[in-house]
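Work through the exercises below with the structure open beside you. Try each task before you read its solution.

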Amino acid sequence: MQIRILAFLCLSQMLISCQQQQEISKTVATANVDFSVLSSPETSSTTPAEGIIYQSLDGGQTWQDISAGLPGKTFVRGAYANESQLFVTTESGLYHTGLLPQSLSWSKEYMLTEKMTQITPGKSGIYASDYQNGIFQMTNGTGLWKPLHENLNDLVRSVFESSNGVLFAACEGGIYKSADEGNSWKKVLSDGMIMDIVEKDGIIIAGGFKGLFRSTDGGENWSTVLTEDGMALQTAVLGGRIVAITSGPSKYDRYDPKSIKNRIRISSDNGQTWQRADEHLITEGSIFGIAQVGEYLVCSNAEGILRSNDNGKTWELIMAADEKIKYRISGSGKVLFAISGAGGC
């Protein structure tokens, strides 16, 4: 009887192995993947894609659709651009491409999980976070991704590396800090969900469900600095200032876009005081994102993509949205990206 069971198990294992090998063969044939190095990027699917990501090299005056090479109908969750490459996280994996016209070619990274949500830079390599599966880092020059979340038991919104190499995880339950490259984590703020964390001149600012928080001692202790504007949806350092998008002070119906009137706040004193930069911004509904491109502060809302060269006193519409497509934005230097599919968490 035991011999029969053993034989059955061996046969089952052989069938599973054969099936897995067939699936791998199908993947290679479809995507033209070189599996000789596990960490090498995969050339993305040839399924036609358009209208997902637009690029502007002249501050928004002209736009080029650079979606070709991504899987069709891809939803981009997060984006990060450095001086030479654009990285995007999607529901089907992490992709990257060069920025110049001659280097536009999407490739996919091999990772332990595909549904990455955010991607951020680091001193020794970029970080990618998965809301449910944690934090990963790709070490510079290796193409290898390592997990950093073994001792982090929370849902991750984003990850940030400070100027002195300390890691911070913005999570549903607050902020966690790691001084040993993610081997251990200590909770330093338990005040609701945190969306993202930034730093300027050694001052660390975090934005989340209860507003904006500020730390002057390396993230050990935190104080609230802006709570009357509701939830902080996005926080960034742009043009030498700290900029935040907030949900606005009044109550709203989240299912009625016309009732959502959020704000843009700017701080020129490292988060001590905050001024509005949206009072002359014609908008009906949400402000989706904000970026700095050259001399321009750029934002996206229900109207489209707008830019300002006077700290928000006046705004110019540079790319109109329509009823079906709204845009988020990302920028690097003088390169601006418009990403379709704004809204949601």
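## Exercise 1: Aromatic pairs

Task: find how many aromatic pairs the whole structure holds, and describe the rings of Y80 and F87 and of F160 and F168.

Solution. Step 1: a search of the whole structure gives 3 aromatic pairs. Rings of Phe, Tyr and Trp (its six-membered ring) pair if their centres lie within 6.5 Å; planes under 30 degrees apart count as stacked, over 60 as edge-to-face and the rest as tilted.

Step 2: take Y80 and F87. Their centres are 6.2 Å apart and their planes differ by 15 degrees, so the pair is stacked. Y80 and F87 are both buried. Buried means under 20% relative accessible area, exposed over 50%, partly exposed in between (1.4 Å probe, protein chains only).

Step 3: take F160 and F168. This pair is tilted, with 6.5 Å centre to centre and 35 degrees between the planes. F160 and F168 are buried too.

Before going on, note the basis. This is a predicted model, where local features need pLDDT of at least 70, side-chain atom pairs count only at pLDDT 80 or more, and totals for chains, interfaces and linings use all residues. Residues are numbered from 1 along each chain as its sequence is written, and side-chain values use heavy atoms, with hydrogens and water left out.

## Exercise 2: Confidence and overall make-up

Task: what is the mean pLDDT of the protein, and what does its secondary structure come to?

Solution. Step 1: the mean pLDDT (the predictor's confidence in each residue, from 0 to 100) is 79, and 79% of the residues reach 70 or more. Over residues 1-45 the pLDDT is below 50. Beyond near neighbours in sequence, that stretch has 34 contacts in the model (heavy atoms within 4.5 Å). Where pLDDT is low, the predicted coordinates should not be read in detail.

Step 2: count the elements. The protein has 1 helix and 29 strands. Helices (H or I, at least four residues) and strands (E, at least two) are DSSP runs, numbered from the N terminus.

Step 3: check burial. Of the 345 residues, 50% count as buried.

## Exercise 3: Two open sheets

Task: which strand order does each of the two 4-stranded open sheets have, and which strands stand at the edges?

Solution. Step 1: one open sheet runs in the order β12-β13-β14-β15, with antiparallel pairing. Two strands pair if DSSP finds at least two bridges between them. Its edge strands are β12 (156-161) and β15 (186-189), each paired on one side only.

Step 2: look inside that sheet. β12 and β13 (residues 167-171) pair in the antiparallel sense over 5 bridges. F160 stands opposite F168 in β13. The tilted ring pair from Exercise 1 joins these residues.

Step 3: another open sheet has the order β20-β21-β22-β23, again antiparallel. β20 (232-238) and β23 (275-276) each have a single partner strand, so one side of each is left without a neighbour in the sheet.

Step 4: β21 (residues 241-246) and β22 (residues 263-267) pair in the antiparallel sense over 5 bridges. V243 stands opposite I266 in β22.

## Exercise 4: A hairpin

Task: how many residues lie between β16 and β17 in their hairpin?

Solution. Step 1: there are 2 residues between the strands, and D201 in the turn has a positive phi of about 55 degrees.

Step 2: β16 (residues 194-200) and β17 (residues 203-208) pair in the antiparallel sense over 6 bridges. The bridge partner of I194 is G208 in β17.

Step 3: β16 is mostly covered, with 7 of its 7 residues buried.

## Exercise 5: Single residues

Task: are R77, E181 and N311 buried, partly exposed or exposed?

Solution. Step 1: R77 sits in β4 (residues 76-81). R77 is partly exposed, because its relative accessible area is 31%. Leaving aside neighbours within four places in sequence, the contacts of R77 include T89, M116 and R328.

Step 2: E181 lies in the loop between β14 (174-178) and β15. With a relative accessible area of 56%, E181 is exposed. Phi of E181 is near 60 degrees, a positive value in a residue other than glycine.

Step 3: N311 lies in the loop between β26 (304-308) and β27 (316-320). N311 is partly exposed, because its relative accessible area is 45%. Phi of N311 is also positive, near 60 degrees.
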